[in-house]
Structure formats: C-alpha cells, structure tokens
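I opened my notebook to look at how the parts of this assembly meet. Here is what I looked up, in the order I went.

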Amino acid sequence: MTDKKRIDIREVINQGLLAGLVALSLSVIGFISLLGEREMIAGIFTMGHVFLFAAPVGIASVLAEKIKHENTGKVLGFGFLIGVITALPLIVLIILATSFDIRQFLVNVSPELIHLLTFGQNLVVGSIMLVVITGILSLLAAGLRLLPEIWRRPITSGLAWTLLFGTFSEILLSRVRAFFGRGVAKLVFSGKALNPITALLILIIAAAIAYWNVTKRSKSEQKEVEVSPEKQQKSQRIRVVVGIISLLILPLLLGTYLSEVMNNVGIYVLMGLGLNIVVGFAGLLDLGYVAFFAIGAYVMGILTSEGHLGLGFTFWTALPFSVLASTLFGILLGIPVLRMRGDYLAIVTLGFGEIIRILALSDMLKQFIGGAQGVLQIPKPSIFGYDLTKPEALYYIILIGVLIAAFVSWRLRDSRLGRQWMALREDETVAEAMGINLVNTKLLAFATGAAFSGLAGAIFASKLTSIFPHSFNLIVSINVLSLIIVGGIGSLPGVVVGALILVGLPELLREFAEHRLLMYGALLIVMMLAKPEGFWPSETIKRELHAHKEFEAGSSD
Amino acid sequence: MLKRSFIIVGLLVIASMALAACGGPTFECEDPIGCVTYGADEPIRIASALVISGPNTDLGTDSQYGVEIAIDFKGEIMGHAIELQAEDDGCSAEGGQSAGQKIVSDPTIVAVVGTSCSGAGVPMSEVVSEAGYAMVSPSNTSPALTDPESAWNPGYLRTAHNDKVQGKAMADFAYNVLGVTSAAAIHDGDPYTEGLAAVFAASFEELGGTIVEFTAVNKGDTDMRPVLSAVAAAGPPELLYYPVFTAEGGFLTKQAKEVSGLEGTVLSAADGMISDAAIEAVGEAGEGMYFSGPDLSFSGGLYEDFIAKYEEKYGAKPISVFHAHAFDAANMIFACIEEVAMQDGDSIHIGRQALRTCLYATSGFEGITGELTCNEYGDCADPKISVSQLNGGAYERIWP
Amino acid sequence: MLRRLQDINVLDLVLWVFRAVIIIVVVWGTIATIIENPYPAVTWTETIIAGIAQGSLYALIAIGYTLVYGVLFMINFAHGEFFMSGIMTATIFLAQPMGESGFLDTYPFISILLITVVTVLVSVGIALLTERVAYRPLRKAPRLVPLITAIGASFFWQNFIRGLYGSEVKPFPQMAIMAGKVSIAGFPILKSHIVVIVATILMLIGLYVFVMKTKTGKSIRAVAENKDVAALMGIDVDRAVSTTFALGSAMAGIAGILYAFVFRQVHFYMGFIPGIKAFTAAVLGGIGSIPGAALGGLFLGMFESVGPGLFLEGLGIPAPHQLKDVIAFTMLVLILIFRPQGILGERLAEEKA
C-alpha cells in the first residue's frame, strides 16, 4: 500500500514537471507574452493565461480521472501539487530573468513576459501568486472530476463555450457588428475581447443547456428509440436539402473576410479532391501535386492577363485550356514514374513540383511567363458583364468547381476504374496479375488528379489577379497531403473536414501571428495521435483497417 | 447535441444583447468613400500586414517593431490611443489577399502599414483600395506597384524606394563615383532583388559600362561558390552587386572573399542588407563593402532615440532595415489622421478619401529615411539614395 | 490514344525517348561548354571541391534519413530540424560568447569539443523526444500517418527554435585554425572544406563499424530486417529504434557543426532545404542503404555544384545556377528510370517501398 502510494507521488511529480516544462517552453518562445496582449475576457484574463495554465490544468484533470475512486483528499492534494510543481520551472525563469541578462540568448524572455508571469507584482509576491494560482486552478480541475456528472458536465461545458467564444471573439465581433451594428458590438465586446458580463451570460446559458441535456438524456436512456428506415431516409433527404440551402446562403451570413476564408478552403478542397484520387484511391504518394496547380494558374494567367504577357482570353475561354494543360502534364509527368513505387515516387514527384516552380521563377523563361515578377493584371471572372470581384461572389464559382469535382470523385470511386485504383493501392503486383492495366489505371489517376488541381489553379489565379512563383512551393503540396490524411484518406467528406481544419482554422486563429506554423505543426501531431484514421474516415478504409488488424495482428509495417 | 447547443447559445447571447442596442449617429459623413468614427474611449485602429511567419520573418517582424515604436512615440492622437492590428502577409500573393480581406472587413481600421513583400502588395493594394482604405508599404519596391499602367491602385503608397530609383542610383555611383566599367549582378529570384538587379544592370549599361554576368541563386541556397566562380570566370568584374537579404547576402559576401579571381572585386548590396544583423552576418568579409539605400543618420537624434527604444523593447539590435521605413509610414499616417480628423464632442471622424488625399499630398515630411514627398502614384521615398560603406563594423555614408 | 498505351512497348519507347532527351541535352551542353571553355582550371577545382563538401553534408544528413527508413519505413521529414536545432543552440550559447571572448581561438580544440557535445546532445534529445511523442504511438498506423506527424514535427521545431532564439541570421564566428586555404597539388583548397570532407569520411567509417561490428549495431540491423522476429529473439525493438534515431540525429548534429564551419552563419530555417535534399540523396542512393545515402549525397552535391556550369553554361541559358535544383531532380529522375531502386538500393525496393 505504502509502496503504491510512493509511486503515485513520483508520478505526480513527473507529471507536474512535464506540465511545468510545457508552460516554460511556451513562455520562452514568446507564445505566452504574445497572447498575453490579447484579452479574452476584458480586464480579467488574456489568452496568454489560458495557455499558461492549460498544461497543469489538463494534466491534473487527467490524473484525477485515474485516481478519482480513491479518497477525495488525495485527489485534491495531488491536483494542488501538480499546480505547485508546474510553477517551479517558471519561478526559476523569473529569477534568472530578473537577475541575469538571459535575453541575449533567449530573445523572447521579455519584461512583458515576466510581468505577465508575476501578475505585475514584484519577484517574491509574484512568484507566490503564481504558485498559488496554478495550484488552485489544478486543484479545481482535479476536484471537478469528483463531482457527479450532473454538475460536472454543465460546468465544463459552460467553461468550454466561454473559452471558445473568447478565442473566436474577433470573428464574432465582426459578425455581431455586421448584423446588429456597432452599438451592440460595443455592448457585447470590450475592444476585441468579451465583456465580463457577456462571458458570464455565455457561461450560464451554456451550463444551463448542458444541465438540461444531461437530465433529459438520463431520462431518455431507458427507451431505446428505433428509427424506421423510411424515416431515416426522409431525415437524410431533409438534411441534404438544408445543407444545400445553407451552402448557398453562406456568404451572406459570413461576410467578406469569412467568405475569403471559405474560398481558400474551397480551393484546397478542390486540390484535396484531386490528390485524394491519386493518393487516397490509387495509393500513389505524390508530393509534387502543386505542379499541376501551378500549371493551371499560369495558363490562366498568361491567357487572360491584361498586362504585356497576356493573350486577351476571358476567364471562361481560358478555363478549358488551363484544365487541359494540367491534365496533359499529369500524363506527361506520370509516364516516367510509372515503374516507381512508394517513397521513390514521392521524391520524384516532389522533384517535379520543384522543377516547375523553379522554371516559373527562372530568368530563362522570364520573357514568356514573367519570372520572379510574376504575371500581373489577371482579370477576375465575370458573368453577363458582372465582375465577380468580391469574395462573396467568387464563392459561387469555387462552390460549383468543388461540387463538380466531388461529384466526379464520387462517381469514379464506385466505378470500375475506382475499384481498379483500390486494387492498385492494395497490391500492385496482385492487381497486375488480376489483369488490371497498370499503365492506364495509373495515368488516369494522375490525369484526373491533375485536372482538379488545374481547375483549382485557374480559379486561384483569377481570384488573386496576380501570380508569383513563390505561391507554388512545396508547402502547398504538403498542406494538401496533410489535409486529406487528417480528414481521412480516401474519404470525400474527409477532404472537406481536413481543409476546414488545416486551412480554415489557421486563418481564424490569426492572433497566433508568428506562432501560427508552430500551432499548425503541433495540431498535425495531436490530431494524428488522437485520430490516426482521420476525422471522417471512409467506410472502406475503416473496414480494411480493422480487417487488416485482425488478419495481421501484431505485424508491424 | 453539440450543434444544437451551439445554435441556442449563440442565439440567446445575440438576442439578449440586441435588446440593448440603442443610440444612433448624429454626425453626417460627407466623404465620398466613407468615414471612420471613434467614440469617446475608443482607440484609433491601424493595421499592419507584414511577413511575420516563415523564412522571411525577420523582414516583417522588424517592420512591425517599427510601427509599434511609432505608436509608442506618438502616444495618442487627439485624445485617442492608437491600437495596432497586426496581420501576416505571408510574403505571398494569397497571404496578402487574405490579410487584405481581413482588414477591410473591419470598419474600425483606418489605414494599413504593409505589405512587406511586393508579391503580397499587388493583390492587397487592390483589395484595400477597392474597399476605400489606404495603405502605406514600408518595403515594397516593385516598380509595377506604382505604375498606373500595371498594378497601381488609388489607395496605395509606399515609403520604400522604387527599384527604378535605387538601381539607377547605384549604377550611377558605381560608374561615375567609383569609376568601375565592368560589373556583375546576382539576384535570388525574389521580386525585390530581381527587379533591383535588373534595373541596376540596365542603367549601368546605359551609362557605358559592361555587365559581364547577370545571374541568379535561389533563396535558401548556402553554397554560393559555384555561382561566384562563374562570375569570376566571366570577368572578373570590378564590381559585384547583389541586392539580396541577409541570409543569402551573408553567404555571398563571405564566400566571395574565398573564391579565386574575385579578390579585387568591389562588393556591394542594397537596403535589404542594411541592418545590424547583416553587419554581423557578413563579419570581417564585409569590410569596405558598399550599400545603396536610405541614409538613416540623416534624421539625427530621432533615429538614435528609435534605436534605444528598439533595443529596450525587443532585446536585440534591429534585425533588418525596413523598420525605419515602417516607422515613417506609420508617422505619415498619424500626421494625416491629425490633419483630417474632425472632432465631434468626444468622438472623432476620419474621412477615408480625405485621408488618402492627405497622404498623397505628403510633402517634405521629415522621417528617419529622409524627407518624404509623395508623387501622384504613391512613391513617397526620399529620392536621395545614398551609398554607405561598411567601415569598422558600421555603416558610413559616403555618397552623395 | 490511351488505348495505344496499353501496349507496354509503347511505354518503353516513351521512357527511352525521355532518357534520350535528357542525355542528349546533357551531352550537348557538356560538349558546348567544353568547346566554349568559359572557365579556367581553378574554377573547376573550386567548384568540384565545393560540390564534394556540400555533398558530404548531404551525405551525413541523408544517413539519418536512411537509418530511420531502414528500421521504421517512414520518411522522417523532421530530420532537417534535428540538423538545425543542435548547431543553433551551440551557436547561441557557446560559439558566439566564446568567439567574443577569444576563447575560441585560444583553445580551438576544447571549443570544438564543447560545441560538438552540446550540439549532439541537443540534436539527439530533440530527435528522441520527437520519436517518443510523435512516432512511437503510431508505429502500427497506416504509413502515411507518421509522415504527417513528421511534417508537423518539422514545422513545430522550426518555429520553436525561431521563438527561442529569434528570426534573424546568427553569425557563427570564424575560427582562426580554419581560415584560409592550403595548396594541394597546386590548387588552393579551403581548410574548412578539408575539415568537412575528412570528418565525413571518418564519421562514415565509424558508423559502418558501429552498425556492422557492435552488438547494438546488430540489433538495429535485426530490427530493420524484421521487427517481429527481432522481438522474438529478445531484442528490445523500442530501444533499437531509439538508438537508430540517436545515431541518425547525432550524424545530423555533426553535419550542422560542419555546416557552421563552412558557411559561418546559422538560421532557424537552415534545416528545411537540406532536409529535403538529404531525402533526395537517400532515395538517389537507394533508400535504406547506408553507403547508398553517402554516395547519393555526394552525387547530389556534385550535380548542384558542377551541373549548372557544365551542362547549361554552354547552351547559353541565362542564370544557370538558378536551375541547379532542376538539374539535380532531373538527374534523379534519370537515374531512377534506369534503376528504380536507386544506385545501391537492392533489398528494400521491391518488397517494402
């Protein structure tokens, strides 16, 4: 018994130090102090505080869950201890920063950071405050686990919603201002942050709803509701109709900036659908997918530009050429890699992507495609003489593109060709033995993928009205690949989910400014750890994955 | 379940707040493209759109620091504090467009300092101008941006030097002052460096000199010896001009000293390498090197105050040069806000067209980078390009 | 049109045309360059030595890629960041202060030793942490999943280091013992280049001995061969994988030091491009093969360095050095068309890749 307890204490210390290191790291890289300028609830706390306390609170909560069946005092005590230990590395940092000039090494250990960590007090008082506050917060987090669900859920849900609204308050502010005017906006928000009263309201309302949900669920749990297939079908149809209508009126609700974000998401969805065919369906790992995007964009740019490079086409007359050109390149670049597999394919396609970008940038081709100075003065698309300049209008062009691509993907997936692709993905040798023509199947995958990407590129060029080679670097390929895997490889809705998470979310979290890529990296890791099969895995893959596991239990590869 | 509670929470919050909506404007805005109004305790909001992520971070961060210091120095305008909304232009066209759309979706922003990169400036200038805002870029140098035939838009100004001015000045200095007759130029594929190198080469040849090699490296390259060897073999030139940024510039400078044949070649670069970080990066190898760009000692005490503040606030010496241009850009905007803002009780109103007109009419404005006077297409930089030489680890103005 | 492609011979024909075009351009360019003879001999030697030095760096980084690939079959995209993080830390905390105080030139060997220790510790620490957090839990997941976490780790570490030390270029002080050139066979060669080349050769020999002769090396090879059987034989797979990561990242860390000696400035972004290049080199040499990675690195360095001058200068193409990556990747495609498993890749190509 005593033995077990001692191990627990050690575990607590380890976990506390872990939390402390996370908080320390976030502090020294300037993350906390940057977000410390962004108030979440005006006058009460900032986003910096949220991230500072996130690690101890989270870890205390997880640990409390593990030991909550033991006695209450122990849970609370350990929670408090974690908080206290977390504060120790931070106090070391505070002492170091106030007594030495460690800023010549670590540029972000600024006076603002120390100010934030010590709550504006002096060294001693500030450190004590830090210990006490982290301790109490962790204690509360641990204590929350002890409450019965009927209390715990409303509290967590209320806090979560408040934090969520606080995080996205900038976006909310712009929407509230657009719909209700500046007067209301000023009442609800103080500056960019939530007003304390608003925050309290959100907390109470969210908690009340959660409470209501919990009580209702506990009642309804007894009677398992059987839904008839007809009813299911009907409700699905209703959902589709509602979905289409909301897609159509979305820009009106979102306003300029969010429509712009949706447009960027849409362009990535378009590319993701294409890459999904190449990687998800046919299993050909392509890291140079941006090449076709670039070709689509450059063909559109050169054909329509009103500058000295342009040929005077309109968006609509140039569009088929863009798509055709990238499709042709898809086949052309597909031929040399037909015999390559796996990672060899990956690096060669990566090379193709880089080759296309460098050629676009080069002095060699400058007189034709603009070199480093890019192609300027590309007109926006117009319909019946009406220029689609606003993001809200462009949204519909992108939406149509996405719907077409999604429809084509969907039909292809269930076609003969789609099944050939999947056979190819599973095992090339077997597929060939089954009589599948590898050359045709692979080239068709490359061509279809390239066509979608070309379409995306064409829209991208006319959306931006200017294109530069730097827009077509490796990061784009990496982003597209990440989004289809995060969404769930081979899954069509997964592409949309992935794009929303990896393209949309970073746009909304612009507060993170220079730390956006750091967050992006962390997000990729966390999401993959949490959901290795993706957020919306395709049915086939899910089934295959499980079958695979049963069949080859323990085999590693 | 989650969705439903989201909708309900949202609706309830909005509804409860909508009840409290009251009051209406008494002021009539007569500006053709609208006004911005700031109430009693509302800060005046300006935005920045600079590159603060990715490999070019130091360029944009440095400029953003310039804006922040300008705000600190200014304190407040007509009793209103100044607040900065910092956005990232990503140094790319798509980044510039997104940042632009974000800014123009916020009606409380009055003007923008940005962008860092010309590539981001092109779409942003369009978005911002169309929405009636004004932007002043601290570091766009592409001639296209202020060329009405090309990418110019009516809300666009800049305090950075147009490549046409700087490239020509450098050629003039090289040919007429240093007396060199053969030169080579290297760029790194960035629109800024490519434009500057091209203008330099053309102007130098126009003056009667020969360009023995006009070549390029890639951003991110480290081993410059092959390209430098090729330059040496082609001439070797008397002068080598590489208007690139600190990273590539550091490699080029250090390795140029080690390549056979370039021992006697004079090295020169542009304002992308005028910074303390660049002095450190070139080290000993950079002694005696020439730099075209603004003359920062021109403003006397102001710049020293600025540097002191910079070091205190950010714990480092300036990491690039365009903080000075950004500081001037922000101050130009402040001066015009002061000029056109109309006091109305506790609130102020700023006409957007009036602000634009005022910015375009800027003349003889004393900034760190010189005396700023805007032309009709928004080129505001002091036309006097100076050339400095690196002597004993410090820039020293030697021309004009 | 597509139906005609069904005939496999047509495909072969197309591939032959592809190869022929590349080879003709290369040969034509080379002959044109030789006839035109734009460079004196010293230019060629300098370019070649620079290519070998650059190639050595690629080789050292590529070995880490290949080792990890050998045991886990995953593309460790974050490897370039292991290369960067060690030397960045050592530069900030050791090299710069020591350079200012003069310690660096008074006690050069102690300094190098200290810098090496710190660099390797940091690189290895970050590699092990990444492996533990981002890769190990996903060892049984589909193959693309760890690729994505590796990409995530790459972004994360890059920006983490940027946050720690700032975004500007950090100069690495010049060491007196490495300044200047020595004359070998009448050709002046930079001392730092010699250091890089010699160090790389020593490291390669050391690694080879380690992997082939020691018990730990054997366990790594066993795990690379078959994890399950290795586990049955009583080999601790996790430990072997960690050792592999430590080994690879130590090589990358040392590559970082050599990089700093030659180029004398470091930056948070310095790992990304060499990382991609090293990946290319590993594939070029045949991924999974240690000598292959070394050879691939060397080839790649040479293509980048000598290629533009040799193949393109004679064709009158403006700014040929801008196109060095085009050359490098085109040669990669060419080599892989001839040998789809890379120069020395044998074992893995068919069954695993």
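**Inside chain B**

I began with the two domains of chain B, where 9 residues of domain 1 of chain B are in contact with 9 residues of domain 2 of chain B (contact means heavy atoms within 4.5 Å). Before going on I noted that this is a predicted model, in which local features need pLDDT of at least 70 and side-chain atom pairs count only at pLDDT 80 or more, while totals for chains, interfaces and linings use all residues. I also noted that residues are numbered from 1 along each chain as its sequence is written, that chains are lettered from A and ligands numbered from 1 in the order in which they are written, and that side-chain values use heavy atoms, with hydrogens and water left out.

The assignment splits chain B into domain 1 (35–161 + 300–372) and domain 2 (168–293); such bounds come from an automatic or database domain assignment. I found the C-alpha centres of domain 1 of chain B and domain 2 of chain B 30 Å apart.

Next I looked up the area. The size of an interface is often given as the accessible area lost when the parts come together. Domain 1 of chain B and domain 2 of chain B bury about 920 Å², with 63% from carbon and sulfur atoms (buried area is the accessible area, 1.4 Å probe, that two parts lose on being put together, summed over both). On the side of domain 1 of chain B, B:Thr141, B:Val321 and B:Phe322 supply 34% of the area buried against domain 2 of chain B, more than any other three residues.

I then counted pairs between these two domains of chain B and got 0 salt bridges (a side-chain nitrogen of Lys or Arg within 4 Å of a carboxyl oxygen of Asp or Glu).

**Inside chain A**

For chain A, I read off domain 1 (1–146), domain 2 (149–216) and domain 3 (235–551). I picked domain 2 and domain 3 of chain A, whose C-alpha centres lie 36 Å apart. Their contact takes 6 residues from domain 2 of chain A and 10 residues from domain 3 of chain A.

The area buried between domain 2 and domain 3 of chain A is about 630 Å², of which carbon and sulfur atoms give 65%. Which three residues supply the most of what domain 2 of chain A buries against domain 3 of chain A? They are A:Phe168, A:Ile171 and A:Arg175, with 63% of that area. I found 0 salt bridges across the interface of domain 2 and domain 3 of chain A.

**Between the chains**

Last, I turned to chain A against chain B. The contact takes 51 residues from chain A and 60 residues from chain B. The two chains bury about 4900 Å² between them, 59% of it on carbon and sulfur atoms. In chain A, I listed A:Trp161, A:Arg182 and A:Arg510 as the residues that lose the most area to chain B, together 12% of what that side buries.

How many salt bridges does the rule find across the interface of chain A and chain B? I got 5 salt bridges there. I also looked up A:Glu170 and B:Lys102, whose side chains meet in a salt bridge at 3.1 Å, N to O.
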